[in-house]
Amino acid sequence: MRIIHILNHVQEIGNGIVNVAVDLACLQSQSGEDVAVISAGGEYEKLLNKFGVKHYTIDQNRQPIKMIKAGVAYRQIVQEFQPDIVHAHMMTGVVLASALRWINRYSLVATVHNEFQRSSVLMGLADRVIAVSKAVKNSMVKRGIPEQKLRVICNGTLGSPRTRKISDYQLSSLQHPAIITVAGMYKRKGIAELIAAFEEVAQDFPAAHLYLVGNGPDKQIFESQAQATAISNQIHFEGFQPEPQRYLLACDIFVLASHRDPCPLVLSEAREAGAAIVATEVDGIPEALDHGKAGILVPAQNIHKLAEALIKLLSNTDTLQQWQQRAQENLEWLNVTRVHQETLAVYEELGFPEAFSTYTQPD
């Protein structure tokens with residue numbers, strides 16, 4: 001089978017969409033398929049090359065002239081590579097692949113990663129639309145995507161070719177009790193609410209520290225918010241970290257306070273690291289936490305409830321340890337191999353039964 005993945009870039013910046021696509025491309029190539037990636041390029045090109053994945057560089061910037069150039073370049077790539085499947089992971093890619101599919105007879109698959117974006121409805125142009133959680137599927141049905149097109153493949157990142165064994169990471173040096181988040185610095189990630197909740201926590205636990213791992217356009221807003229508190233010296237902005245596992249292994253509590261989040265990869269990583277988890281009950285987060293069995297769920301944008309959950313964990317060592325243990329239970333389904341197999345099953349529906357007959361378990 002000949003497979004092309006198309007996305008905006010392959011930069012190593014903590015972008016979950018990129019991480020999912022790179023994982024799939026590497027495992028598909030490892031299992032014997034002919035795989036290529038189209039993007040504007042980035043650090044993951046080296047990893048793709050290591051796994052035998054061909055990379056084609058196209059700038060899909062939405063400026064009209066650049067889109068025309070991208071269309072011409074895409075047409076040439078399709079004629080050369082002759083794909084059976086084109087798998088689009090971002091809106092620009094699915095529009096490009098759909099508009100030019102008459103060039104070559106291939107099946108088009110799209111994965112909806114950020115369904116909260118208005119333009120995600122364009123993913124319905126594909127023959128099959130993969131939703132990264134049941135919550136995303138339900139949302140896309142409400143927005144008019146035919147249910148018969150939709151398939152749910154929940155994200156899973158454990159065993160990723162991008163990472164090492166969890167035991168191989170060296171722990172970060174943190175001050176305890178340590179509360180961390182690993183997230184893009186966006187308002188929708190609930191960073192403002194987390195900082196405000198930490199102010200409440202610090203009143204009862206003056207030795208506590210908050211570590212914010214990640215970059216993003218709203219980082220300066222959050223830095224100003226933290227600076228205005230009386231505990232600014234206990235709030236640490238760590239920026240993007242290529243090995244967030246070092247923080248996840250070292251912390252006492254991991255928090256994800258998102259307003260919207262389809263199925264965040266970091267939750268599987270936090271679970272594997274054995275962190276006690278507090279997260280908001282939105283979108284695909286409950287599914288990633290086994291509906292509250294693997295982490296404490298709180299309402300989104302509720303500062304007091306978030307603080308209350310953190311104080312509960314810090315107040316009782318036994319309770320904290322119980323939630324750390326619960327995070328590590330039932331991890332098998334979060335393995336990237338399951339995502340790989342279920343994706344091949346979607347391809348199989350489109351007329352490629354050999355996808356399963358040639359599949360071999362990667363080492």
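Is leucine 306 buried or exposed, and what is its relative accessible area? In this predicted model, leucine 306 is buried, with a relative accessible area of 4%, and its place is in helix H11, which covers residues 303-315. Leaving aside neighbours within four places in sequence, leucine 306 is in contact with Glu193, Leu194, Ala197, Val255, Ala257, Val278 and Val298. By contrast with these contacts, leucine 306 and lysine 69 are 48 Å apart in space, C-alpha to C-alpha, and 237 residues apart in sequence.

## The largest pocket

The largest pocket of the model has a volume of about 1,300 Å³. It is lined by 50 residues, and those closest to its centre are Ile13, Gly14, Asn15, Gly16 and Ile17. Three elements give two or more residues to this lining, namely helix H1 (16-30), strand S5 (107-112) and helix H9 (266-273). Of the elements, H1 gives the most, with 3 residues. Sorted by class, the lining of the largest pocket holds 23 nonpolar, 18 polar and 9 charged residues.

Glutamine 11 is found in the loop between strand S1 (2-6) and H1, and at 32% relative accessibility this glutamine counts as partly exposed. When its neighbours within four places in sequence are left aside, glutamine 11 is in contact with Val18, Gly41, Gly42, Glu43 and Tyr44.

## Helix H5 and its two sides

Which residues of helix H5 are buried? In this helix, made of residues 134-142, the buried residues are Val136, Ser139 and Met140. They lie on the same side of H5, because they cover an arc of only 100 degrees around the axis. This can be set beside a general property of such helices: an α-helix has 3.6 residues a turn, so residues three or four places apart point the same way. On the other side of H5, Lys134 and Lys142 are exposed.

The buried residues of H5 pack against S5, strand S6 (128-131) and strand S7 (150-152); S5 is also one of the elements that give two or more residues to the lining of the largest pocket. After H5 comes glycine 144, whose phi is positive, near 105 degrees.

## A buried lysine

Where is lysine 189 found? Lysine 189 is in the loop between strand S8 (178-182) and helix H6 (191-204), and although its side chain is that of a lysine, the residue is buried, with a relative accessible area of 12%. The side chains of lysine 189 and aspartate 261 are joined by a polar contact of 2.9 Å. Apart from neighbours within four places in sequence, the residues in contact with lysine 189 are Ala183, Gly184, Ala257, Ser258 and Asp261. Ala257 is also among the residues in contact with leucine 306.

## Backbone features in the loops

Histidine 176 and proline 177 are joined by a cis peptide bond, with omega at about 0 degrees, and proline 177 is found in the loop between S7 and S8.

Further along the chain, aspartate 290 lies in the loop between helix H10 (285-288) and strand S13 (296-298), and histidine 291 lies in the loop between H10 and S13 as well. The phi of aspartate 290 is near 50 degrees, a positive value in a residue other than glycine, and the phi of histidine 291, likewise positive in a residue other than glycine, is near 55 degrees. As for accessibility, aspartate 290 is buried, with a relative accessible area of 14%, whereas histidine 291 is exposed, with a relative accessible area of 60%.

## Pairs of residues and their separations

Glutamine 63, which lies in the loop between strand S3 (54-57) and helix H3 (64-81), is partly exposed, with a relative accessible area of 44%. The table gives separations for glutamine 63 and for two residues described above, C-alpha to C-alpha.

| Pair | Separation in sequence | Separation in space |
|---|---|---|
| Glutamine 11 and alanine 196 | 185 residues | 32 Å |
| Leucine 306 and lysine 69 | 237 residues | 48 Å |
| Glutamine 63 and serine 160 | 97 residues | 34 Å |

Notes. Residues numbered from 1 in each chain as written. Predicted model: local features only at pLDDT ≥ 70, side-chain atom pairs only at ≥ 80, totals over all residues. Heavy atoms only, no water. 1 Å grid on protein atoms, 1.4 Å probe; cavity = no way out; pocket = protein on both sides within 12 Å on 5 of 7 lines; lining within 4 Å. Points joined across faces, edges and corners; volume = space filled by probe spheres on them. Helix = DSSP H or I, 4+ residues; strand = E, 2+ residues; numbered from the N terminus. Nonpolar A, V, L, I, M, F, W, Y, C, P; charged D, E, K, R; others polar. Buried < 20%, exposed > 50% of the residue type's maximum accessible area, 1.4 Å probe, protein only. Arc of directions from axis to C-beta. Contact = heavy atoms within 4.5 Å. Polar contact = N/O pair within 3.5 Å; in protein donor to acceptor, adjacent residues only side chain to side chain.
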